[in-house]
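This report describes a predicted model, beginning with a single position and then turning to the interface, the core and the local backbone. The sequence and structure are shown first.

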Amino acid sequence: MAEEEADHRGGLRVNAVHLKLGALAGVVKEALLSSYELACEGTGLQGSRLVIDEIPVVVNCPRCLGPRTVDSIQWFVCPECKGPVSEVIQGRELQVFALEIEE
Amino acid sequence: MSSQPRLVEVRQNVLKQNDIVARELRQRFHDAGVYVASLVSSPGSGKTAFLEKTLTLLRPDFRVAALVGDLATDNDAVRLARSQAQVRQITTGTLCHLEAAMVRTALEGWDLNELDFLFIENVGNLVCPSSYDVGENLRVVLLSVTEGEDKPLKYPTIFNTADVAVLTKMDLAEAVEFDLDAARANVERVRPGMPLLEVSSKKGVGMDDWLAFLRHLSRTR
């Protein structure tokens, strides 16, 4: 996908791929980092870095009426009022956010 | 002159392709009026037994079908075919989960208008299926009493993406000293408010509640 984007922009050299990874994405950061180099071999992205931006889970608390960051995905509780929270508004991301390119 | 690197925003979801196909499937299911439930759990937690019982009990009154995913063998499809429902096996090879495109391919030749309920049994795995939408209306996560009460805490992501949890093999709960309160509390911690049903597919216990739940959802979707 990142390679396609780079091609799309005239085959520029990609130094790094920036990825947003939500805590609820179901993907482990370490696994992504260790497989990245292998996946890039023989492609236009060979030699590029993968920069992972970890995104915490943010929920909408029905009592505090606002976004709250959940401390642990093993406990969906509002950090302010300590009540249960279920409406996830951030944290499922698995997104190629940006490319660092050289012109 | 040396060039300066610069950052270009692209904002592309890695699973975009799957999400597009899943959306298309959901629309087809909606247009055909078929209610679709997917089943996820670890291997051996009783998905196939639960599904066989579900199909058998629904079949006199509803038109039902199932897709069943496994890495290899069509054993599950053979078991499910005993219910007389239409069943198709999806063999994923080495892939540990179902993707929307596999579901689309498996549905080829079936007239969805002829169905009331379609069940999609995912590959036994509590990790990867959580990230892949297959166009279902309802995601059911199964947890058997023999697995231990703390599974929801070990695999919070899959429990958090599910709509209902089903505790299976309740007939063995006493023998394995299963702590039902702890299991309830753990499910509540990772997915507050999610309904939790208790069943024994083997003894048929709890199936009435499950079927009533399913029928209610399919009517009020």
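B:Gly148 is partly exposed because 16 other C-beta atoms lie within 10 Å. On this scale a residue is buried if 20 or more other C-beta atoms lie within 10 Å of its own, exposed if 12 or fewer, and partly exposed in between, with C-beta atoms placed from the backbone. B:Gly148 belongs to the loop between strand E6 (138–144) and helix H5 (151–154) of chain B. Helices (H or I, at least four residues) and strands (E, at least two) are DSSP runs, numbered from the N terminus. Although B:Gly148 and B:Phe178 are 30 residues apart along the chain, 7.1 Å separates their C-alpha atoms.

**Basis and confidence**

Residues are numbered from 1 along each chain as its sequence is written, while chains are lettered from A and ligands numbered from 1 in the order in which they are written. This is a predicted model, in which local features need pLDDT of at least 70, side-chain atom pairs count only at pLDDT 80 or more, and totals for chains, interfaces and linings use all residues. The pLDDT is the predictor's confidence in each residue, from 0 to 100. Chain B has a mean pLDDT of 94, and 99% of its residues reach 70 or more. The model scores are ipTM 0.82 and pTM 0.90.

**The interface between chains A and B**

The contact involves 24 residues from chain A and 26 residues from chain B, where two residues are in contact if their C-beta atoms, placed from the backbone, lie within 7 Å. On the side of chain B that touches chain A, the elements giving two or more residues are strand E1 (5–13), helix H6 (156–161) and helix H7 (180–190) of chain B. Of these, E1(B) gives the most, with nine residues. The residues of this side of chain B comprise twelve nonpolar, eight polar and six charged. In this division Ala, Val, Leu, Ile, Met, Phe, Trp, Tyr, Cys and Pro count as nonpolar, Asp, Glu, Lys and Arg as charged, and the others, Gly among them, as polar.

E1(B) also pairs with strand E6 (residues 94–102) of chain A, in the antiparallel sense and over seven bridges; two strands pair if DSSP finds at least two bridges between them. Within this pairing, B:Leu7 in E1(B) is the bridge partner of A:Glu100.

**Core and helices of chain B**

The largest nonpolar core has 77 residues, of which B:Ala66, B:Val103 and B:Val141 touch the most other members. Such a core is a set of buried Ala, Val, Leu, Ile, Met, Phe, Trp, Tyr and Cys residues joined through C-beta atoms within 7 Å. Apart from neighbours within four places in sequence, B:Val103 contacts B:Leu25, B:Leu67, B:Leu98, B:Ile120, B:Val134 and B:Gly135.

B:Phe159 is found in helix H6 of chain B and is buried, since 26 other C-beta atoms lie within 10 Å. Not counting residues up to four places away in sequence, B:Phe159 touches B:Val141, B:Pro152, B:Ala165, B:Val187, B:Val190 and B:Arg191. The C-alpha atoms of B:Phe159 and B:Arg191, 32 residues apart along the chain, are 6.6 Å from each other.

Helix H1 (residues 16–32) of chain B has 17 residues and should span 24 Å at 1.5 Å a residue, which agrees with the 24 Å between its end C-alpha atoms. The expected span is 1.5 Å times one less than the number of residues.

**Positive phi values**

Most residues other than glycine have a negative phi. The table lists positions with a positive phi.

| Residue | Phi | Place |
|---|---|---|
| B:Gly33 | about 70 degrees | just after H1(B) |
| B:Thr73 | near 75 degrees | loop between strand E3 (64–70) and helix H3 (75–81) of chain B |
| B:Lys169 | near 60 degrees | loop between strand E7 (164–168) and H7 of chain B |
| A:Leu65 | near 55 degrees | hairpin of E3(A) and E4(A) |

B:Thr73 counts as exposed because 10 C-beta neighbours lie inside 10 Å, whereas B:Lys169 is buried, with 26 other C-beta atoms within 10 Å.

The hairpin that holds A:Leu65 has four residues between the strands. Its strands, E3 (residues 58–61) and E4 (residues 66–69) of chain A, pair in the antiparallel sense over four bridges, and A:Asn60 stands opposite A:Pro67 in E4(A).
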